[in-house]
Amino acid sequence: MSHEPLYQQLVNEWITLIQNGVMRPGERLPSVRQACSMHKVSPSTILAAYRALEDRGVIEARPQSGFYVKQSANLPLPRMRRQSTALPTSDDVLDHIETFLASQSHADFIDLSLASPRGSDFYPTGRFKQILNQLIRQQPELATDYPFPPGSARLRRQIAQRVVSWGCVLAAEDILITNGCSEALSLALRAVCKPGDTVGLESPTYFALIPLLKSLGLSAIEIPTHPTTGLSLDALELLLSEQRLNAIVAMPTVHNPLGCSMPLEAKKRLAELVNQYRVPLIEDTPHAELFYGQAVPDAVKAYDRDGWVLLCSSYSKTLVPGFRIGWIAPGRYLKEVTRLKVASTLGQPRLLEETVAEYLESGGYDHHLRGLRRHFMSQMERLRGMVASHFPAGTRATSPSGGCLLWVELPSATDTQQLFRAALAERITVAPGTIYSAKGRYRHCLRLSCCYPWSDAFERALVRVGELAGQSRSTSA
């Protein structure tokens with residue numbers, strides 16, 4: 001049985017019914033009384049489910065009438081098909097990744113791809129300015145004392161308090177501050193692997209992992225990842241039983257690029273597998289706090305018995321990207337990770353650490369997150385509506401559980417590398433699907449983002465990308 005809240009199980013059921021066309025746009029949902037009888041649950045559970053569906057833009061309430069499925073422009077697109085089987089990795093896509101990253105340097109381009117908002121509208125910059133000024137007046141030594149790992153005790157205590165809501169019971173001493181989540185991932189891989197080892201990656205995966213593994217002399221095996229339920233645990237267990245993996249990197253909560261989150265039972269099984277086979281799991285969670293639900297789901301780390309899960313995160317995607325404040329709770333690898341941190345970048349700027357700690361202590365972060373989630377949920381629905389209206393027939397897309405990223409699967413003949421180049425020529429940036437696979441797969445897919453102020457220029461760029469997608473055809477088709 002599922003251990004998700006009852007209301008969330010109902011939400012999932014109704015979304016499936018709508019996606020499958022069983023419930024159509026404009027159709028009235030059962031009354032609260034009828035739904036209670038149908039599902040044998042309380043009125044409060046039904047109301048919670050309806051409110052969650054309303055928040056996601058799937059249904060709407062009509063006064064004195066009830067709840068109705070929204071019109072097609074606001075409906076989720078069909079779920080994508082299951083991804084393909086795991087294959088050994090290679091470095092074929094490094095050039096594509098470098099070209100894509102170089103395209104991010106054009107500040108005057110319309111960027112439909114970046115995973116972090118640009119501009120002060122999305123971050124509490126005014127409050128950070130106040131805190132910085134206050135700290136530099138009261139504790140000038142923060143700018144002059146040399147920093148050392150593990151980082152600000154005050155910040156590490158705040159992180160330990162926050163991850164309680166993720167199901168994790170950690171002490172400040174279990175946490176090390178890093179230069180963003182990227183350094184956390186690098187330290188974790190260096191701690192658990194040696195050159196020549198093999199790492200299991202989700203497929204598709206976060207593109208920056210591919211050159212990172214290459215730089216560390218590591219190879220990869222891609223593990224199929226479902227666009228709604230995440231990493232295939234059956235495929236993973238087979239690889240573990242054959243002793244083919246030395247480590248795993250996964251993003252179980254608000255995946256990049258798919259946007260999905262693994263069900264709770266799957267997370268428990270994943271923790272059990274890595275503890276059973278004694279293979280470390282690097283759990284990457286920079287988008288977890290952007291989960292659209294009422295609370296951040298439990299991390300896999302919450303079910304880690306013996307310290308085989310290394311939990312990595314940062315505040316770059318949610319709070320203050322320019323500070324590059326990340327962290328890692330490396331479990332049994334704490335000593336080795338600390339040594340590697342000293343040998344690489346030593347410590348983080350104390351002034352920036354204490355600024356983030358002060359902000360977290362003030363209680364403003366939860367309020368900020370609620371606003372950011374509402375913003376992303378609203379814009380995600382608009383983005384999906386634009387894709388449904390302006391991209392070629394047969395286009396499919398994910399229904400993200402949080403964050404600002406949408407994975408789009410175009411008709412199989414589409415070549416998104418060609419689309420990327422054509423859009424770039426018109427000063428528009430998209431992220432082609434090939435950079436999310438170590439084997440250069442997903443050539444007919446792309447990642448879009450909705451974390452920018454919505455504008456006429458943004459809409460025109462989306463429409464134009466849809467037109468270009470209709471013109472782009474793979475030479476191998």
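**Exercise 1.** In this predicted model, work out the strand order of the open sheet of 4 strands and say which strands stand at its edges.

*Solution.* Start with the order: the strands go β12-β13-β16-β15, and their pairing is antiparallel. Next, look for strands that have a single partner. Those are β12 (396-397) and β15 (431-432), so each has one side left without a neighbour in the sheet. Now zoom in on one edge: β12 is joined to β13 (residues 405-409) by 2 bridges, and the two run antiparallel. If you want a pair to click on, Arg396 stands opposite Glu409 in β13.

Then bring in the helix. α13 packs on this sheet, where it touches β12, β13 and β16 (445-449), and its direction makes about 15° with that of β13.

**Exercise 2.** How are helices α12 and α13 oriented to each other, and which residues make the contact?

*Solution.* Take the axes of α12 (residues 350-362) and α13 (residues 364-390): they come within 5 Å and cross at roughly 85°. Angles of 65 to 115 degrees count as roughly perpendicular, so that is what α12 is to α13. On the α12 side, the contact uses Tyr359, Leu360 and Ser362; α13 brings Gly364, Tyr365 and His368. Sort them by class and you get 3 nonpolar, 3 polar and no charged residues.

**Exercise 3.** Which residues of helix α4 are buried, and what covers them?

*Solution.* Go along α4 (residues 94-103) and pick out the buried ones: Leu94, Ile97, Phe100 and Ser103. Mind the spacing: an α-helix has 3.6 residues a turn, so residues three or four places apart point the same way. Finally, check the cover, which includes α8 (209-215), α14 (416-425), β14 (428-429) and the edge strand β15.

Definitions and conventions: Residues are numbered from 1 along each chain as its sequence is written. This is a predicted model: local features need pLDDT of at least 70, side-chain atom pairs count only at pLDDT 80 or more; totals for chains, interfaces and linings use all residues. Side-chain values use heavy atoms; hydrogens and water are left out. Axes are lines fitted to C-alpha atoms, for helices over the stretch in contact, and angles run from 0 to 180 degrees between N-to-C directions. Angles under 35 degrees count as roughly parallel, over 145 as roughly antiparallel, 65 to 115 as roughly perpendicular and the rest as oblique. Contact means heavy atoms within 4.5 Å. Ala, Val, Leu, Ile, Met, Phe, Trp, Tyr, Cys and Pro count as nonpolar, Asp, Glu, Lys and Arg as charged, and the others, Gly among them, as polar. Two strands pair if DSSP finds at least two bridges between them. Buried means under 20% relative accessible area, exposed over 50%, partly exposed in between (1.4 Å probe, protein chains only).
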